[in-house]
Amino acid sequence: MKKWTTLGYLLTICLFAIFLGMPKILESRDTQIATEDYHVKAVDETIHIGLLQFIAHPALDDIRQGIYDGLGERGYVDGENIKIDYQNGQGDQSNLKMLAEDMMNANNQLLVGLATPAAQALNQASNNRLPLVMAGVTDPVDAGLVKSLDQPGRNVSGTSDLSPVSEQLDLIQKILPDIKTLGILYNSSETNAEVSVRAVKTEAEKRGITIKEATISQTNDLAQVGEKLAANVEAIYVPNDNTIASAMPTLIGITDEKQVPVFPAVDTMVSAGGLATVGVNQYQIGRDTANIIADAIEGADLSQYAIVNTEKTDMIINPNQAERLNLDLPKEVSENAKTVEGGN
């Protein structure tokens, strides 16, 4: 009897350990790549790369996967000739600062910042001492990361995810041809979002659309602010905002109740309950970023390396969400868009 009791005790400990480690296992699962799929380049010694991601949500996770896959195609495979120290800042500025400093104190030879806040934290910690490649930063100049898009002037380069605002508003007007009032909801502390908001306001003014703006500072604000905005507009536009992207179910629960469609800037946010978008392909951003990382490894001078604006865009619609909102999508839209499912 004691033998079985001891065995049961040991099994309980093992299961508990697996349970504790499961979030990390799941988080890293999507960035595992098959070594045999790539020709691994010979290097003198393993290259250490610090990769800091602002927060976990599908869009940034797609970028990260694109980075791993793109590096593999260039001959750099994690665990073979490179070692990627991936860390998630969980959307917290103090976490980002601490992790960025840790990456500088480790033996990394190159840094990668995924989203503007992560890139800014690494930039501050590095102060130009290590090459920094940013991924998915809407306006690197406005964010204080580079001096210009053509010639960064610092040991920093990377990819931009600037939204095709004009095309996005075209799509909104095709679906809602009589729209007069559009809400914009974003985190006021995210530079990415502020840049897109300015562009949307300028474009909307040309079209005679009135903008009603609402901001949050954290996800806890989303329910109250979102409900107030949804009561006063015909639709809501959400820019490339990592805070809202990580809490889309909260927003969609509110807007569905009010029968107000949400048009996000990012394709993965449509899968989370948005109605439609014309968005930059997030996975392709990662692939483009990987090419810059590989070039930096091979000696490229990032201070002279022009920022890459990913040009591949997709029109994405969520027919299930349209049905929930009692909206008929125009044939012109439904026939030319990729479809996704998701939402509340």
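In what sense, and over how many bridges, do strand β1 and strand β3 pair? In this structure, which I should say at the outset is a predicted model, strand β1, residues 47-53, and strand β3, residues 110-114, pair in the parallel sense over five bridges, and within that pairing Q53 stands opposite L114 in β3. Helix α4, which covers residues 116-126, packs on the sheet and touches β1, β3, β4 and β5, the last of these being residues 156-160, while the direction of α4 makes about 150° with that of β3.

If we step back to the whole sheet, we find an open sheet of six strands in the order β2-β1-β3-β4-β5-β11, with parallel pairing. The edges are taken by β2, residues 82-88, and β11, residues 308-309, and because each has a single partner strand, one side of each is left without a neighbour in the sheet.

Let me turn now to helix α2, residues 58-73, which lies across β1, β2, β3 and β4, where β4 is residues 132-135, and which runs at about 165° to β1. Does its length agree with what a helix should span, or disagree? At 1.5 Å a residue, the 16 residues of α2 should span 22 Å, and the end C-alpha atoms of α2 are 22 Å apart, which agrees.

As for its surroundings, twelve of the 16 residues of α2 are buried, so the helix is largely enclosed by the rest of the structure; among the buried residues are A59, L60, I63, R64, Y68 and D69. Finally, just after α2, G75 takes a positive phi of about 95°.

Methods
Residues numbered from 1 in each chain as written. Predicted model: local features only at pLDDT ≥ 70, side-chain atom pairs only at ≥ 80, totals over all residues. Heavy atoms only, no water. Pairing = 2+ DSSP bridges. Helix = DSSP H or I, 4+ residues; strand = E, 2+ residues; numbered from the N terminus. Contact = heavy atoms within 4.5 Å. Axes fitted to C-alpha atoms, helices over the stretch in contact; angles between N-to-C directions. Expected span 1.5 Å × (residues − 1). Buried < 20%, exposed > 50% of the residue type's maximum accessible area, 1.4 Å probe, protein only.
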